[in-house]
Amino acid sequence: MAIDRAASGAVLKRERVRDALLELIEARRPGDAVPSERALCARLGVSRPTVRAAVDELVVAGLLVREHGRGMFVAAEKITQELVAGRGALTVPQAKGVWTSRVLELRTLPAGARVGRRLRVSPAATIRYAARLRLVDGAPMAIEHLHLPAALVPGLTEAELEQGDLYEHFRDRHGVRVAEAVQSVEPTVVTSAEADLLDVPELSPALLFERLTTDTAGRPVEYVRSVYRGDRYRIVSRLALAPSAPGADETQGGEGHHHPGFPPGDLTSRGPVSFSAHGVVQHD
């Protein structure tokens, strides 16, 4: 396929501008002012549309904030969750910041077909459904929708959902000991209602997490669907890039194999990774 040289040049120019902006951001602290678009054009020797496109990208990414009539500023630091190797459940370090919860809804209702399949109960079986807003240092970060078999946590209260560690409440008050979880993540955008709760514009980028937690007996005890702000939350994986073993297939890591985000090569994880209650992808 032929490459559009003009389009390629525009992309590369914007990437250079983006790199220059990132250097400015990294040299400042959250809340510090960034030079205006006009000043950036003069400093970088590029057109206004090129600067604006790069700025727009960093605004969407949550690194810059525009304030009408005031200018541009470095955004608040992202909440970072690092994945590290570990074989025990719940071994990933908690994400930074002071996490709190606010219950939006708590009720008992039939599981329905979709949730029933995940929890391995009848569609007519009762579950405890809870929706809660998760906040970090007082700022809204995520909306969680929890589905729990009512038979396991019949007396679940709003206080348990808002105070302390939910899994500790499961263990101490309900005799439920969580053991493992499988969690997936994919990109999404927020709806109008979600945007209002998370204090972001409608259709802002977000991360959609789905988690199924099982107890020590292998029973599903929790199905959770969570929407996290894409501008304030990120996940970091720590991986080992091991050289290919002698005699290994030479095509491994070559043109036929590629791990997104990494140059061709043999990518080896350091081991299974568990999750934390603040939302982490599990690497199998």
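# Hairpin, helix and sheet in a predicted model

Strands S2 and S3 make a hairpin, with 3 residues between them. Gly69 sits in the turn and has a positive phi of about 85°. The model is predicted.

S2 covers residues 64-67 and S3 covers residues 71-74. They run antiparallel and are joined by 4 bridges. Leu64 has Val74 in S3 as its bridge partner.

**Helix H3**

Ahead of the hairpin comes a helix. H3 spans residues 48-60, 13 residues in total. From first C-alpha to last it reaches 18 Å, close to the 18 Å expected at 1.5 Å a residue. Just after H3, Gly62 adopts a positive phi of about 85°.

Which residues of H3 are buried? They are Thr50, Val51, Ala54, Val55 and Leu58. Viewed down the axis of H3, these buried residues fall within an arc of 130°, so they line one face of the helix. Pro49 and Val60 are on the other side of H3, and they are exposed.

Leu58 deserves its own paragraph. This residue of H3 has 0% relative accessibility and therefore counts as buried, the limit being under 20%. Beyond its neighbours within four places in sequence, Leu58 is in contact with Arg18, Leu21, Leu22, Ile25, Leu63 and Leu64. One of these contacts, Leu64, is the residue bridged to Val74 in the hairpin. Leu58 and Val74 themselves are 16 residues apart along the chain, with 9.9 Å between their C-alpha atoms.

**The six-stranded sheet**

A second region holds an open sheet of 6 strands, in the order S5-S6-S7-S10-S9-S8. The pairing is antiparallel. Strand S5 (99-110) and strand S8 (178-189) are the edges, each pairing on one side only. On average, neighbouring strands of this sheet are turned by 15° against each other, direction ignored.

What packs on the sheet? Helix H4 (residues 112-119) does, touching S5, S6, S7, S9 and S10. The direction of H4 makes about 115° with that of S10.

At the S5 edge, 11 bridges link S5 to S6 (residues 126-136), and the two run antiparallel. Within this pairing, Leu106 stands opposite Ala130 in S6. Strands of a sheet pair through backbone hydrogen bonds, either parallel or antiparallel.

**Two residues of S7**

Strand S7 covers 139-149. Ala139 lies in S7. Not counting residues up to four places away in sequence, Ala139 touches Arg134 and Arg232. Thr100 is 39 residues from Ala139 in sequence, and 9.5 Å away in space, C-alpha to C-alpha.

Glu144 is also found in S7. Is Glu144 buried or exposed? Its relative accessibility is 1%, so Glu144 counts as buried. The side chain of Glu144 makes a polar contact of 2.8 Å with that of Arg132.

**C-alpha separations**

Two pairs from the sections above are set side by side here.

| Pair | Separation in sequence | C-alpha distance |
|---|---|---|
| Leu58 and Val74 | 16 residues | 9.9 Å |
| Ala139 and Thr100 | 39 residues | 9.5 Å |

Key. Residues are numbered from 1 along each chain as its sequence is written. This is a predicted model: local features need pLDDT of at least 70, side-chain atom pairs count only at pLDDT 80 or more; totals for chains, interfaces and linings use all residues. Side-chain values use heavy atoms; hydrogens and water are left out. Two strands pair if DSSP finds at least two bridges between them. Axes are lines fitted to C-alpha atoms, for helices over the stretch in contact, and angles run from 0 to 180 degrees between N-to-C directions. Contact means heavy atoms within 4.5 Å. The expected span of a helix is 1.5 Å times one less than its number of residues. Buried means under 20% relative accessible area, exposed over 50%, partly exposed in between (1.4 Å probe, protein chains only). The arc is that of the directions from the helix axis to the C-beta atoms. A polar contact is a pair of N or O atoms within 3.5 Å; within protein, one must be able to donate a hydrogen and the other to accept it, and residues adjacent in sequence count only if both atoms are side-chain atoms.
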